[in-house]
Each structure stands twice: as C-alpha cells, then as structure tokens.
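This report follows one sheet, the core beside it and a few individual residues. The sequence and the model are shown first.

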Amino acid sequence: MTPASNTSVLPQFSQLTIQGEDAEKFLQGQLTCDVTKLGLSYQAAAIGNLKGRIEFGIWIKKQAEKQYDVVISADCAAALQAHLKKFGAFSKFDTSEPVAIYPCVLADMPTFSHKDDHNTPDDTKAWMQCSIATGNYWIVAATQGEFQPQELRLHQRGGMDYDKGCYLGQEVIARIYFKSAPKAFLHYVKGAGTAPAAGDKLDKIQVVNTVTTAEGFEALVVARSEHLAESELTVLDLPPALQADVARPK
C-alpha cells in the first residue's frame, strides 16, 4: 500500500469578501448551507457541481449586513472568482480580490486570522493537526469535484441544509440523502511511512488531507469501513457528532 506522491508544502488560504444588495440571495442559490442562518463564526460549507460533488470547499461568515467573508484554499481562489463572475453576472454584488488569511488554532479550534503573528509554519501545522482530528477537511485543487458532501460528513457539521430550496447540485445531493447513503465516508486515521498527498489513493481508500507526525502521518480519508479494516491504517475517533451514521436518521 504505497502512496502515489507526497508534498511538504503547507496549505495556504485566501479570503474573498462578497457584498451587495443581492449577496445573500445569490449565495443562497449556490451554497449547501442556509445563508440566512450565518453569523460571525466561520461555517464550513460547499459549492457543488451538477454531479452533486464539492467543487469549492469553503468557510463562510456574515461579517456585516449584506457582507460575507469566504475562506478557500489559495489554489482554488481564482477558480472561485471565475465561478462567482459567471453565475453572478446578473446579480448585484461585488467580489473582492483574494487576500491572504492564516490558519491557526484558537480556543482549541481550527480557525483563521489576518494577524501576522499567526503567519507561521507552527500555526499552520497546528491547524492541520487540529483540523484532521476534528474532521475539518479542506478541499484543494487536486480534490475539487472528488467528494460528495455527505461523504465528508458536512451535514453533521451544520454545513448542509435539506430544507432551504435549490442550489447547485442540490437534486443529486438530496436524492442521496433521502433515498440512499454513501457507502464510503470520512474517517480519521493514522499510518506509518511517508504521508500521502491529498487525492492519493491507498488501494480503495481515498486521501482527503494529511499531516506528518513523528510516527508517520495522520489523515482524513474517505473509505468503506471494510476496506479500512483490511488496510494497515489505524482508525482514530472523530468528535462524537462526526461518529454518527452518515445516513439520514430514520
């Protein structure tokens, strides 16, 4: 079970600000979450594609009336700008140019900061470790369009709303939720050897994110439980809310 590749490059993130008369209405038709319920804390969410898979994994908060701050992996920022320009051509809102924002851990939770004090490799590594341990996945260019939101347990983190109406990919996403359930889904694991890269496959196990540790690596992966049992990986506990069945409660 050998990973295809590895990268030692630390993740980088960008923030875009979306504001204007139609900002809320436009975003409500794009995002998996209910935009009307957003507040000052970052909420994990996604913009899907027509196949019901995550094209853009984001964190979003309502910074002020008609103003929303969106954080995204820096290598996806230009594509997100193009997407907003295309789909928002007839809506009244402005999108700022991306600015750097720094991953860090505050109050034992992974978050983001504009303070230069948090622009350090140690802060980024701490954020990676905390994010992986808490299921706070991040989508990069290599994993765009790879995962369905329910596979990544986004619904268990408040990042999906099944009652708010239509958005991109909603028909496919809702059908999976109401009529079936993903057979492969997010797990927190550790392994020995070199850390695989996001998007790599370890046999039938797909890597979402990894971080190098003294003993090897820890990772978020999407896999069937039986494939994990057959692997050399050790499954670790996600937070209780993310240990529930990914299927819709009966």
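Two strands are taken as paired when DSSP finds at least two bridges between them. With that in mind, in this predicted model, the bridge partner of Leu202 in S10 is Ile205.

## The five-strand sheet

Two bridges join S9 to S10, and these strands run antiparallel. They belong to an open sheet of five strands, paired in the antiparallel sense and ordered S9-S10-S11-S8-S12. Strand S9 (201-202) and strand S12 (234-236) form the edges, and because each has a single partner strand, one side of each is left without a neighbour in the sheet.

Further along the order, S10 and S11 run antiparallel and are joined by six bridges, while S8 and S11 pair in the antiparallel sense over seven bridges. Ala219 in S11 can serve as a reference point for both pairings, since Thr210 stands opposite this residue and Val189 also stands opposite it. The hairpin of S10 and S11 has four residues between the strands, and in this hairpin Gly216 takes a positive phi near 155°.

## Strand S11 and its two faces

In a regular strand the side chains alternate between the two faces of the sheet. In S11, Phe217, Ala219, Val221 and Ala223 point one way, whereas Glu218, Leu220 and Val222 point the other way, and all of these residues are buried. S11 is accordingly described as mostly covered, with seven of its seven residues buried.

What does Leu220 touch, once residues up to four places away in sequence are set aside? Its contacts are Ser131, Ile132, Gly135, Asn136, Tyr137, Leu186, His187, Tyr188, Val207, Val208, Asn209 and Leu238.

## The largest nonpolar core

In soluble globular proteins, nonpolar side chains tend to be buried together. Here the largest nonpolar core has 32 residues, and those that touch the most other members are Phe13, Trp59, Tyr137, Trp138, Leu152, Val208 and Leu220. Two or more residues are given to this core by each of strand S2 (43-48), strand S3 (54-64), helix H3 (121-134), helix H4 (170-179), strand S8 (185-191), strand S10 (205-212) and strand S11 (217-223). The largest share, three residues, comes from H3. Another core, of 23 residues, lies apart from this one and has Ala45, Cys76, Ala77 and Leu168 among its members.

## Helix H3 across the sheet

H3 lies across S8, S10 and S11, and runs at about 145° to S10. The helix has 14 residues and reaches 20 Å from its first C-alpha to its last, close to the 20 Å expected at 1.5 Å a residue. Its buried residues are Asp123, Thr124, Trp127, Met128, Cys130, Ser131 and Ile132. An α-helix has 3.6 residues a turn, so residues three or four places apart point the same way. H3 is followed by Gly135, whose phi is positive, near 75°.

## Two buried polar residues

His187 is found in strand S8. Is this residue buried or exposed? His187 counts as buried because its relative accessibility is 9%, and the cut-off for burial is under 20%. A polar atom of the His187 side chain lies 3.2 Å from the backbone oxygen of Ala223. Not counting residues up to four places away in sequence, His187 touches Ala219, Leu220, Val221, Ala223, Ser225, Leu228 and Leu238.

Ser113 lies in strand S7 and likewise counts as buried, at 9% relative accessibility. The side chains of Ser113 and His118 are joined by a polar contact of 2.8 Å. Leaving aside neighbours within four places in sequence, Ser113 is in contact with Ile101, Tyr102, Cys104 and His118.

## Positive phi outside glycine

Two aspartates in loops deserve a separate note. Asp108, in the loop between strand S6 (99-106) and strand S7 (109-113), has a phi near 65°, a positive value in a residue other than glycine. Because its relative accessible area is 66%, Asp108 is exposed, the cut-off being over 50%.

Asp203 is found in the loop between S9 and S10, and it has a positive phi of about 60° although it is not a glycine. Asp203 also counts as exposed, at 59% relative accessibility.

How values were computed. Residues are numbered from 1 along each chain as its sequence is written. This is a predicted model: local features need pLDDT of at least 70, side-chain atom pairs count only at pLDDT 80 or more; totals for chains, interfaces and linings use all residues. Side-chain values use heavy atoms; hydrogens and water are left out. A nonpolar core is a set of buried Ala, Val, Leu, Ile, Met, Phe, Trp, Tyr and Cys residues joined through side-chain atoms within 4.5 Å. Buried means under 20% relative accessible area, exposed over 50%, partly exposed in between (1.4 Å probe, protein chains only). Contact means heavy atoms within 4.5 Å. Axes are lines fitted to C-alpha atoms, for helices over the stretch in contact, and angles run from 0 to 180 degrees between N-to-C directions. A polar contact is a pair of N or O atoms within 3.5 Å; within protein, one must be able to donate a hydrogen and the other to accept it, and residues adjacent in sequence count only if both atoms are side-chain atoms. The expected span of a helix is 1.5 Å times one less than its number of residues.
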